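Dear colleague,

Please find below the structure I promised to pass on to you. My notes on what was found in it follow directly after.

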Amino acid sequence: IEAVENLASSVGMQIPEQQSSTPTNLRSLHNERDKEAICTAQDLFEAMRAATQFYREQLKRSEKPIAYLKKRGLTGKTAARFGIGYAPDDWQHLSTLFTDYNSKKTSQTRARAGLVIAGKDGKQCDRFRDRIMFPILNQKGQVIAFGGRVIDQGEPKYLNSPETELFVKGQEIYNLFSARKSIRDAECVIVVEGYMDVVSLSQHGIDHVVATLGTAITDIHIQKLLRHTDKIIFCFDGDSAGNKAAWRALKNSLAQLTDGKAINFLFLPENEDPDSFISQNGKEAFEQQIMQSLPLSEFLLRGLSRNLNLQTDEDRAKLIRDAKPLLQLVKAPALALMLVKRLSALCSLDQRELETLLQIKQTAPAHAQKNLPRKQPTSLYHRLILLLLYNPKYCLGLNKALLTQCKDSNEELGMLKILVDFLDNNPDI
């Protein structure tokens, strides 16, 4: 049943609960500890759902966060679509939602959900205070965590829920659940760095956008995204931090790529992020930037050869040394071959010499395979045996008299005669 639940989760489907008192019901196979775990997960989901509604209600009543969102250009319709809320500037404001706020049993549930922080003295306080709240959904559309953005100056700028039984930061992607249809329609996904970037781009009509949760791009992120589309476009700020983040994303992408999939890199002008760029320049200008994004192969070779003088043997040798561990990660055979060809041209080296240096094994070309020893053709007796095994009814059309006249001392002929006798005696097989 766990396999079915994982499969359903991967495509965002809900499994209907089966209720049966019969001992053969799969659910009855869970032991008592499993039942307790399921109930606990349901309690956590319920706590997160209630908190989401609470934060949304607080946003409607608070002038300060509304003024901030309007200043950022967000409409009420957009805020409602993304379920955006507000955590008041109070140490225990959730106590107005949870009347049993200080109850030991229920407070443990909220602490495990990441909504409150429990002190050593047993007292607790709200984790999020005076922040714009962005609900984070899993692949079933359930709220599993929050991202809270500070309104005024303060650190950290974004505060995420801690990792819990529901939430593992390095595996989740903001807005993936809501953007799935748009990603399919656009045949690509744009990956940005911040929640506000996702919301702002969506408000301007670009809905196939997701964001990581304040972490570097992981191989799990890339695997998830490539299940939804054949093309990923990573969008980064044009500063040094953006370049470093892009290079980390590239390294994690190499082993995940297969031929037919594409990963591109888009760098916005310096001091610009997707939110500010589209707000100032509009949707058309942003789409022009997307058209100019660099393919992974181009970004890889540019990054490796930056600050190198490829007219010198020493720098060409350095390029090969730096490229070696990255090219060895590439599992896509066609892409690996293209990269080696490009690198051999940059270094003025014969391709086979370069493959030896890089210790990359290429598949044998078609002309080399012609020299391989050919498999001996099967005999007619062997082919008849295969046909009869495939469909015993063919035995009805076989000329058995002719078969009886064959006197060859051939092992396959002997096997054929035994098979025919067997099929004659078992006509219904």
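I136 stands opposite A145 in β5. The model in which this pairing appears is a predicted one. The strand β5 covers residues 143–150 and is joined by seven bridges to β4, residues 131–137, the two strands running antiparallel.

Both strands belong to an open sheet of four strands, ordered β1-β4-β5-β6 and paired in antiparallel fashion. At its edges stand β1 (85–87) and β6 (158–160); each has a single partner strand, so one side of each is left without a neighbour in the sheet. On average, and with direction ignored, neighbouring strands of this sheet are turned by 35° against each other.

Two helices should be noted in connection with the sheet. Helix α3 (residues 63–71) packs on the sheet, where it touches β1, β4 and β5, and its direction makes about 75° with that of β4. Helix α7 (residues 195–203) lies across β4, β5 and β6 and runs at about 80° to β4.

Which residues of α3 are buried? They are P65, Y68 and L69. Seen down the axis of α3, these buried residues fall within an arc of 95°, and they therefore line one face of the helix. E63, K70 and K71, on the other side of α3, are exposed. After α3 comes G73, which has a positive phi, near 90°.

A further residue that merits your attention is D275, which is found in helix α10 (residues 274–291). Is D275 buried or exposed? Its relative accessible area is 5%, which is under the 20% limit for a buried residue, so D275 counts as buried. Leaving aside residues up to four places away in sequence, D275 touches R72, M196, D197 and S200. Of these contacts, M196, D197 and S200 lie within the residue range of α7, 195–203.

Finally, some figures for the chain as a whole. The protein chain has 18 helices and eleven strands. Of its 429 residues, 40% are buried. Among contacts between residues at least 6 apart in sequence, 66% join residues at least 24 apart. The accessible surface of the protein chain comes to about 24,900 Å², and 52% of this surface belongs to carbon and sulfur atoms.

With kind regards

Conventions
Residues numbered from 1 in each chain as written. Predicted model: local features only at pLDDT ≥ 70, side-chain atom pairs only at ≥ 80, totals over all residues. Heavy atoms only, no water. Pairing = 2+ DSSP bridges. Axes fitted to C-alpha atoms, helices over the stretch in contact; angles between N-to-C directions. Contact = heavy atoms within 4.5 Å. Buried < 20%, exposed > 50% of the residue type's maximum accessible area, 1.4 Å probe, protein only. Arc of directions from axis to C-beta. Areas by Shrake-Rupley, 256 points an atom, 1.4 Å probe, with all protein chains shown as cover.
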